[in-house]
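Visitor: Can you walk me through this one? I'd like to start with one strand pairing and work outwards.

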Amino acid sequence: MSQKDYSIVYVLSDSVGETAELVVRAALSQFDEEKSVIRRIPYVEDTAIVDEVISQALENNGVIAFTVVLPLVREHLLAEASKYNIPVYDILTPLISMVGKRLNVPPKNESGLMHTLDEDYFKKVEAIEFAVKYDDGRDPRGVERADVVLVGVSRTSKTPLSQYLAHKSLKVANVPLVPEVDPPEELFSIPVEKIVGLKINPEKLNGIRAERLKALGLKEEASYATLDRIQEELIYSEEVMEKLGCEVIDVSTKAVEETANLIYQMVRGNLK
């Protein structure tokens, strides 16, 4: 696409920029997805970064949205954008000004206050990083540190469930169960209440794996997607889950969100 076909929206923040990006995405949802690209620039705390973004926006026919509350940086951004006729939108200042007038007190004009005070935010970030680090049994040490450990054969939604639960601030590790590989010893040394097994209908799994192979450009006849291999894996996984004595959820007909909420309800009481 040429510059005229789409626009780059530069999202600037003197904090993480999550709030600003959510607002911009909500606005862009009213247009065709391919019409705009978002580039988030967090921790904008000096004018040098502003100058670089201004240069890029000028070169790429971009627009700028921001949640910068530091007066010096904000005023520099507004001045430079005006100088080069770059469209710019201040997301926070009008609301801050309105609230300040109503309360009859000046704003603090300090960056990142919301996340500084929001302990839940940091727990969520930590949980997301944990889910990535201990995904797919990469490091069995994660099993001992996790709030929840998901076990199941390949393509039972372990990874998306881990990420979904991480956004609820739960540290999740997931372990694939494969007949040729013994499960990590750590699984048998943690409280069973932390473990959730995932099972699935063989035919459903066959369809999922066949689609996965197709997406990778591989033949659907590969052993990974055959019913015989799937049956072997499912029997093995059931044996492991029975040995562990853990709760088991059938994900055959459940959306990821539904399964995640069931798991969350299961483990929430154990973390109190």
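Guide: Sure. This is a predicted model. Start at Val 11, whose bridge partner in β2 is Arg 40.

Visitor: How many bridges join β1 to β2, and which way do they run?

Guide: Strand β1 covers residues 7–13, and 6 bridges join it to β2. The two run parallel.

Visitor: What packs on the sheet there?

Guide: Helix α3 does, touching β1, β3 (63–67) and β4. The direction of α3 makes about 165° with that of β3.

Visitor: What's the strand order in that sheet?

Guide: β2-β1-β3-β4, an open sheet of 4 strands with parallel pairing. The edge strands are β2 (36–41) and β4 (88–90), and each pairs on one side only. From one strand to the next, the twist averages 20°.

Visitor: Back to α3. At what angle do α2 and α3 pack?

Guide: About 25°, with the axes 9 Å apart. Here α2 is residues 47–59 and α3 is residues 71–83. That angle makes α2 roughly parallel to α3.

Visitor: Is the crossing left-handed or right-handed?

Guide: Right-handed, as α2 passes α3.

Visitor: Which residues meet there?

Guide: From α2, Thr 47, Val 50, Asp 51 and Ile 54. They meet Val 73, His 76, Leu 77, Glu 80 and Ala 81 in α3. The contact residues divide into 5 nonpolar, 2 polar and 2 charged.

Visitor: New topic. What about the sheet with β5 to β8?

Guide: That is an open sheet of 4 strands, in the order β6-β5-β7-β8, with parallel pairing. Its edge strands are β6 (172–176) and β8 (247–250), each pairing on one side only. The twist averages 25° from one strand to the next.

Visitor: How is β7 joined to β8?

Guide: By 4 bridges, with the strands running parallel. β7 is residues 195–199. Lys 199 stands opposite Asp 250 in β8.

Visitor: And which helices pack on that sheet?

Guide: Helix α10 (residues 227–244) touches β5 (148–152), β7 and β8. Its direction makes about 155° with that of β7. Helix α11 (residues 256–268) also touches β5, β7 and β8. The direction of α11 makes about 165° with that of β8.

Visitor: Zoom out. How many helices and strands does the chain have?

Guide: 11 helices and 8 strands.

Visitor: What about its radius of gyration?

Guide: The chain has 24 Å, whereas a compact globule of 272 residues would have a value near 19 Å. The C-alpha atoms fill a box of roughly 70 × 45 × 30 Å along the principal axes.

Notes:
Residues numbered from 1 in each chain as written. Predicted model: local features only at pLDDT ≥ 70, side-chain atom pairs only at ≥ 80, totals over all residues. Heavy atoms only, no water. Axes fitted to C-alpha atoms, helices over the stretch in contact; angles between N-to-C directions. Parallel < 35°, antiparallel > 145°, perpendicular 65-115°, else oblique. Left-handed = near helix turned anticlockwise from the far one by under 90°. Contact = heavy atoms within 4.5 Å. Nonpolar A, V, L, I, M, F, W, Y, C, P; charged D, E, K, R; others polar. Pairing = 2+ DSSP bridges. Rg over C-alpha atoms; globule rule 2.2 N^0.38 Å.
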